[in-house]
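Hi everyone, thanks for coming. Let me put today's structure up on the screen, and then we can walk through it together.

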Amino acid sequence: FLCRHDPMGLVGRMADAADADHSGLIMERYQEGPQISSETLIWEGRGTTATFVDRFYAEFGKELGGSSPSHWAFIERSAANKLIEDAAKALGIRYGTIKADLVLTEEGPKIIELTCRLSGGPLSRIVLESEGVDYLRQAVRIAVGKEPEWELTTPRATPKRVAVDMN
């Protein structure tokens, strides 16, 4: 909260702390915009995002849940997929899965965080129910060294809305 509304106030308070070690301090600019999660398959450096999920928050960042498919993905899908693929290349990731959280800013999508794993909870089932993509099956194929079945990674033309409550 303090960082969002008064980022320099945090620096001032940190400077006032006589014993504070500032060498490990990391500050980020708050990025305004809706947040989405994504699930991306990486094979030979090529990224294909199987789904984007809208994320819902209460005050102070408590996640309440999400819904798939994202209301925003049809606008940002290509740019977001390219951003995730570029991040994978920069990190040297040629095979695997990437779960990325993004914020859709006025300048385009920005990565909040990115990790080389599947999302937890029921997301793989939600992707299958909502968009018809068996993301888990494709992730297992990659894990055992088999190329994903690319023809099965394209979301259906008329997805079914699925929501999850995190409370």
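**A sheet and the helices on it**

Let's begin with one pair of strands: strand 1, residues 35-43, and strand 4, residues 95-105, run antiparallel and are joined by nine bridges. If you'd like a place to put your finger, find S37, whose bridge partner in strand 4 is D101. Do keep in mind that this is a predicted model.

Now let's step back to the sheet around that pair. In what order do the strands lie? The order is 5-4-1-2-3-6. These six strands make an open sheet with antiparallel pairing. At its edges you'll find strand 5 (108-115) and strand 6 (162-165), each of which pairs on one side only. Go from strand to neighbouring strand and, ignoring direction, the average turn between them is 30°.

Next, what packs on this sheet? Helix 4 does, touching strand 1, strand 2 (46-57), strand 3 (63-68) and strand 6. The direction of helix 4 makes about 100° with that of strand 2. Helix 5, residues 135-143, packs on the sheet as well, and its contacts are with strand 1, strand 2 and strand 4. Here the angle is about 40°, taken against the direction of strand 1.

Let's stay with helix 4 for a moment, residues 123-131. Which of its residues are buried? They are L123, I126, V127, S130 and E131. These five lie on the same side of helix 4 because they cover an arc of only 100° around the axis. The general rule helps here: an α-helix has 3.6 residues a turn, so residues three or four places apart point the same way.

Finally, just after helix 4 comes G132, with a positive phi near 75°. Thanks for listening!

Note on methods. Residues numbered from 1 in each chain as written. Predicted model: local features only at pLDDT ≥ 70, side-chain atom pairs only at ≥ 80, totals over all residues. Heavy atoms only, no water. Buried < 20%, exposed > 50% of the residue type's maximum accessible area, 1.4 Å probe, protein only. Helix = DSSP H or I, 4+ residues; strand = E, 2+ residues; numbered from the N terminus. Arc of directions from axis to C-beta. Pairing = 2+ DSSP bridges. Axes fitted to C-alpha atoms, helices over the stretch in contact; angles between N-to-C directions. Contact = heavy atoms within 4.5 Å.
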